[in-house]
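User: I'm new to this one and would like to go through how its labels are earned. Could you take my questions one at a time?

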Amino acid sequence: MSIIIRILVNAVALGAAVFLIDGLNVDTTSAGEMIVVYLALGVIFGVVNAVIKPIVKTVGCAFYILTLGLISLVVNALLLLLTAWIAGILGLPFTIDGFWPALLGAIVVAVVSWVLSLVLPGDDD
């Protein structure tokens, strides 16, 4: 159940980022297609964060300390760009117009995910 909630949180956060940030685009023709695209993006983004982010944090530990954690904004933007690239390979209509929209989108995704994780039930056993 926790995985489903995490996918939904990622999908809503990505939807908010696309809605708020110019340069993040999902080109769909129907509401049903848009829901499927956002759910697929939530899965892709979750897998990218689960697999690659810990590796980057481990390898770049010194940069996290040196920048007092601000490098995490850049890492999150790059992971969002990677998500868009994978979505393009899979034929999903999700595009990002450059690094700066990705950076702003990553901030929106982080904030919305954090707020939703406060409201929704989680794995706090």
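User: What makes the reach of helix 1 close to the one expected?

Analyst: Bear in mind that this is a predicted model. Helix 1, residues 2-20, has 19 residues, and from its first C-alpha to its last it reaches 27 Å. The expected span takes 1.5 Å times one less than the number of residues, and for helix 1 that comes to 27 Å, so the two agree closely.

User: And which parts cover the buried residues of helix 1?

Analyst: The buried ones include V9, N10, L14 and V18. Among the elements covering the buried residues of helix 1 are helix 2 (31-59), helix 4 and helix 5 (99-119), along with strand 1 (24-26) and strand 2 (94-96).

User: Why is T83 called buried?

Analyst: Buried means under 20% relative accessible area. T83 has 0% relative accessibility, so it counts as buried. T83 sits in helix 4, residues 71-89, and beyond its neighbours within four places in sequence it is in contact with L41, I44, F45 and V48.

User: What about L68: why is that one called exposed?

Analyst: The cut-off for exposed is over 50%. L68 has 79% relative accessibility, so it counts as exposed. You'll find L68 in the loop between helix 3 (61-66) and helix 4.

User: What is the phi of L68?

Analyst: About 55°, a positive value, although L68 is not a glycine. Most residues other than glycine have a negative phi.

User: Where does UniProt place the "transmembrane region" feature?

Analyst: The unreviewed UniProt entry puts it at residues 7-24, 36-56, 63-87 and 99-120. In the model, residues 36-56 are 100% helix, with end C-alpha atoms 29 Å apart.

Conventions:
Residues numbered from 1 in each chain as written. Predicted model: local features only at pLDDT ≥ 70, side-chain atom pairs only at ≥ 80, totals over all residues. Heavy atoms only, no water. Helix = DSSP H or I, 4+ residues; strand = E, 2+ residues; numbered from the N terminus. Buried < 20%, exposed > 50% of the residue type's maximum accessible area, 1.4 Å probe, protein only. Contact = heavy atoms within 4.5 Å. UniProt positions renumbered as here; feature names shortened; annotations may be inferred.
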